[in-house]
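Work through the exercises below with the sequence and the model side by side, trying each task before reading its solution.

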Amino acid sequence: MMAKRKKSTIMPESKDNKIEETALPLVRTSDEPVTKKAKWVNKQRVLVFAARGITQRDRHLMVDLRDMMPHSKTESKFERKDPLFVINEICEMKNCSKCIFFEGRKKQDLFLWLADVPKGPSAKFYIENVHTMKELKMTGNCLKGTRPLLSFDSSFDTHPHWSLLKELMTQIFSTPKNHPKSQPFFDHVFTFTIIENRIWFRNFQILEEDGQLAEIGPRFVLNPIKVFDGSFGGETIWENSSYVTPNAYRRMLNLQTGLKYRQKIEQKLSLAARQPTGDLCDLDPLDEEVFEDKNAAKIVKEVASNRGEGGKKKKKEKKKKMKNPKATGKKRAGAIFNEILGDSGDE
C-alpha cells in the first residue's frame, strides 16, 4: 500500500501582512490633503447635426462648431421628409438636453435652429456671411477642448427677446465645468455682438492677460427670424418684422437689373415720339436714294461697274488722239489764239 502524504506544516499568511507589504511609502512631504477629483455636476450635452442638402461650406461650419464644443455629440444627416419634432426623440436617445440643427434650402440658403429639448424654447436664424476656419487661415490658435469665455454685447439687455436668446446661447455654447473631455483653463473667447438687428459671432484667442486677442475663426452672422415657445415648434413668442426672405431679396435684385433694360426701351419710345410727323417732314425720293442703306455687295458692284465704264472711255479717247494728232494740235492753237483776242478786246 502507498504511504499517505504528510500535511504541510506551512501556515498561510495573514491578511494583515499582505496589507503591510502592498502599502506604498509616503511620498508627499507637505501637510496638504490629497486633492480629490471634482464632480461633474452640469451634465448637459449638445447635439450638433444637419439635414440633407447643405453645401460643403455649411458642413465645414458645422464641423468647426463641433470641434470648439467638447460637450457636443454627432448624428447622421436628418431626412427632409421627416417633421422637425422628431429631433426631440433623437436628442432623448442621444441623452442630449440642447440641440444645434442646420437646415439648407436650394443649395444656397442656410438656416440654424437653437433649441432646449424637450420643453423649449427654440429660435430660428438665417445665417449670413459664413467664413470657416480653413477659409480664413487666421493667426490665432487654441487647444482643443478648452473652455471658452462668453462675451455678450450690452444691447442684449435692452429687449426681452434679446435677453432670452442670450440665456439660450450661454447654455448651449458654454462648456460645463469638470467635463471629462474639457481642459481646466480658458484660452479663447466667443463674442456675440448686435449690429443692425443681427448677431455677429467671432472667436478670439487670448494672447496675454492685458487683453491682446487674435482671431481664430469661424465667423458668421445670425439674422433672427422667430422665437418659439416649444422645441422646434409651438407658439411664436417673438417675430422679426424687418426680416426679408432670401427669395424676396433675390427677386428685388433681379428687378433692379431689369430696370436698366426697361429704361433703354423707354428711351427708344420717347425718341420715336419726339420725332416730327406730317407731309412737310417727309423725305424726298432723292433723299431716300442718297440715305438708303446699301449692303456691302451692292457697293462693290457699283464701284466695279464705275471703274469699268471709266476705263472704256479713257481707252476710246486715247485711240482718237492716236488717229488725229494734228487735229488735237490745231484745236489747242485755235483756243490759245481766241484767248489772246479776248484779252486785246478788253483793253
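**Exercise 1.** Find the nonpolar patch on the surface and place Met252 within it.

*Solution.* Val244, Tyr249, Met252 and Leu253 make up this patch, and together they have about 370 Å² of accessible area. Patches take residues with over 30% relative accessible area and no salt bridge, and nonpolar side chains are joined within 5 Å; a salt bridge is a side-chain nitrogen of Lys or Arg within 4 Å of a carboxyl oxygen of Asp or Glu. Areas come from the Shrake-Rupley method with a 1.4 Å probe. Met252 belongs to helix α6, residues 246-274 (helices are DSSP runs of H or I with at least four residues, strands E runs of at least two). Because its relative accessible area is 45%, Met252 counts as partly exposed (between buried, under 20%, and exposed, over 50%).

The model is predicted, so local features need pLDDT of at least 70 and side-chain atom pairs 80 or more, whereas totals for chains, interfaces and linings use all residues. Residues are numbered from 1 along each chain, and side-chain values use heavy atoms, without hydrogens and water.

**Exercise 2.** Describe the surroundings of Asp109 in strand β4.

*Solution.* Start with accessibility: Asp109 is buried because its relative accessibility is 5%. Next, look for partners: the side chains of Asp109 and Arg250 share a polar contact of 3.1 Å (N or O atoms within 3.5 Å, one able to donate a hydrogen and the other to accept it). Finally, beyond neighbours within four places in sequence, the contacts of Asp109 (heavy atoms within 4.5 Å) include Tyr126 and Pro246.

Note on methods:
Buried means under 20% relative accessible area, exposed over 50%, partly exposed in between (1.4 Å probe, protein chains only). Patches are made of residues with over 30% relative accessible area and no salt bridge: like charges are joined within 9 Å, nonpolar side chains (Val, Leu, Ile, Met, Phe, Trp, Tyr) within 5 Å.
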